[in-house]
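Student: Could you take me slowly through one part of this protein, the largest pocket, and then show me how its surroundings fit into the rest of the chain? I would like one connected explanation that I can follow with the structure open beside me.

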Amino acid sequence: MLDRMVYLILAAFVALTAATLVLTPTFSQAQEQGSLSDTFSGDELVDTGHQFFGSVAQGLASLVERAVSQFGLPNAYILGEEAGGAIFAGARYGEGTMYTRNQGEHSLFWQGPTVGLDFGGDGSKVMMLVYNLNSVSDVYGRYPGVDGSAYVIGGLGMTVIKYGDVVMVPIRSGVGARLGVNVGYLKFTQEPTWNPF
């Protein structure tokens with residue numbers, strides 16, 4: 001009985017040592033690559049947004065402040081451009097670059113259908129604040145949401161969309177004429193596609 005107990009303790013020790021040796025390189029590699037938990041401050045986001053949006057960015061600080069007070073500091077953000085149009089049903093297409101603190105920059109594309117009381121077309125510069133991103137691949141998916149738009153030759157608006165644990169806050173400067181409210185989703189992909197679904 002005592003021999004068996006010593007054998008079990010020895011086997012557990014060997015298994016624990018082997019697991020430590022196997023997991024140590026992974027932990028070191030994660031430290032080298034950095035963590036997506038590193039966030040961007042509100043001041044950094046406002047400065048970046050002012051450079052990106054230019055003169056249209058007058059209300060940007062209050063929108064970023066509202067997003068930060070509701071969701072905290074984002075651990076990634078996206079800068080890009082998008083265009084869309086609708087007559088009851090429509091579509092939106094965009095492309096941009098996602099910036100992370102320690103995982104670098106990543107090109108991505110988004111597209112999605114819309115349905116609702118929505119008319120017109122618009123083009124936008126978009127800054128999306130990204131929250132709860134554990135890995136770069138977590139950004140790819142379908143983010144449903146409700147989008148109320150009232151773009152008349154300019155303006156700045158904010159919406160919130162969510163996929164799993166990842167929350168995105170798109171801030172758009174609209175150019176064009178699009179009035180209404182629509183329901184739809186944005187699908188983020190690594191490659192461009194004309195299929196909004």
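Tutor: Let us begin with the lining of the largest pocket, which is made by E81, E82, Y93, G94, E95, F109, W110, Q111, P192, T193 and W194. Please keep in mind throughout that this is a predicted model. The space inside this pocket comes to about 150 Å³. If you sort the lining residues by chemical character, you find five nonpolar, three polar and three charged ones. Two elements, strand 1 (76-100) and strand 2 (105-131), each give at least two residues to the lining, and the largest share, five residues, belongs to strand 1. As for how such a space is found at all, rolling a probe the size of a water molecule over the atoms shows where empty space is left.

Among the lining residues, E82 deserves a longer look. How exposed or buried is E82? Its relative accessible area is 5%, and since anything under 20% counts as buried, E82 is therefore a buried residue. E82 makes a salt bridge with R92, in which the closest N and O atoms are 2.9 Å apart, and both of these partners are buried. E82 also makes a salt bridge with R172, where the closest N and O atoms lie 2.3 Å apart. That second pair ties together distant parts of the chain, for R172 sits in strand 6 (residues 166-189) while E82 sits in strand 1, with their positions 90 residues apart in the numbering. R172 has a relative accessibility of 4%, so R172 counts as buried. Taken together, E82, R92 and R172 are linked in a network of salt bridges, and one member of that network, E82, is also part of the pocket lining.

Now step back from the pocket to the chain as a whole, which has three helices and six strands. Following the sequence from its start, you meet these elements in the pattern α-α-α-β-β-β-β-β-β. The chain has 197 residues, of which 36% are buried.

The structure holds three salt bridges, and the one we have not yet visited joins the side chains of R101 and E44, at 2.8 Å from N to O. This pair, too, links distant parts of the chain, since R101 lies in the loop between strand 1 and strand 2 whereas E44 lies in helix 2 (residues 42-53), 57 residues away along the sequence. Are these two partners buried, exposed or partly exposed? R101, at 36% relative accessibility, counts as partly exposed, and E44, with a relative accessible area of 30%, is partly exposed as well. You can set this beside the pair of E82 and R92, in which both residues are buried.

Strand 1 and strand 2, which we met in the pocket lining, can be followed further. S124 is placed in strand 2, and with a relative accessible area of 6% S124 is buried. Although S124 and G84 are 40 residues apart in sequence, their C-alpha atoms are 8.8 Å apart in space. A second pair of this kind starts from helix 3 (residues 60-71), where A67 is found. A67 has 0% relative accessibility and so counts as buried, and its C-alpha atom is separated by 10.0 Å from that of P170, which is 103 residues away along the chain.

For the surface, return to strand 1, where I87 has its place. I87 has a relative accessible area of 65%, and because a value over 50% counts as exposed, I87 is an exposed residue. Together with F88 and L117, I87 makes a nonpolar surface patch of about 360 Å².

Finally, look at the loop between strand 2 and strand 3 (142-152), which is where N132 is located. Most residues other than glycine have a negative phi. The phi of N132, however, is near 60°, which is a positive value in a residue that is not glycine. N132 has a relative accessible area of 44%, and N132 is thus partly exposed.

Key
Residues numbered from 1 in each chain as written. Predicted model: local features only at pLDDT ≥ 70, side-chain atom pairs only at ≥ 80, totals over all residues. Heavy atoms only, no water. 1 Å grid on protein atoms, 1.4 Å probe; cavity = no way out; pocket = protein on both sides within 12 Å on 5 of 7 lines; lining within 4 Å. Points joined across faces, edges and corners; volume = space filled by probe spheres on them. Helix = DSSP H or I, 4+ residues; strand = E, 2+ residues; numbered from the N terminus. Nonpolar A, V, L, I, M, F, W, Y, C, P; charged D, E, K, R; others polar. Buried < 20%, exposed > 50% of the residue type's maximum accessible area, 1.4 Å probe, protein only. Patch = residues over 30% accessible without salt bridge, like charges linked within 9 Å, V, L, I, M, F, W, Y side chains within 5 Å. Areas by Shrake-Rupley, 256 points an atom, 1.4 Å probe, with all protein chains shown as cover. Salt bridge = Lys/Arg side-chain N within 4 Å of Asp/Glu carboxyl O.
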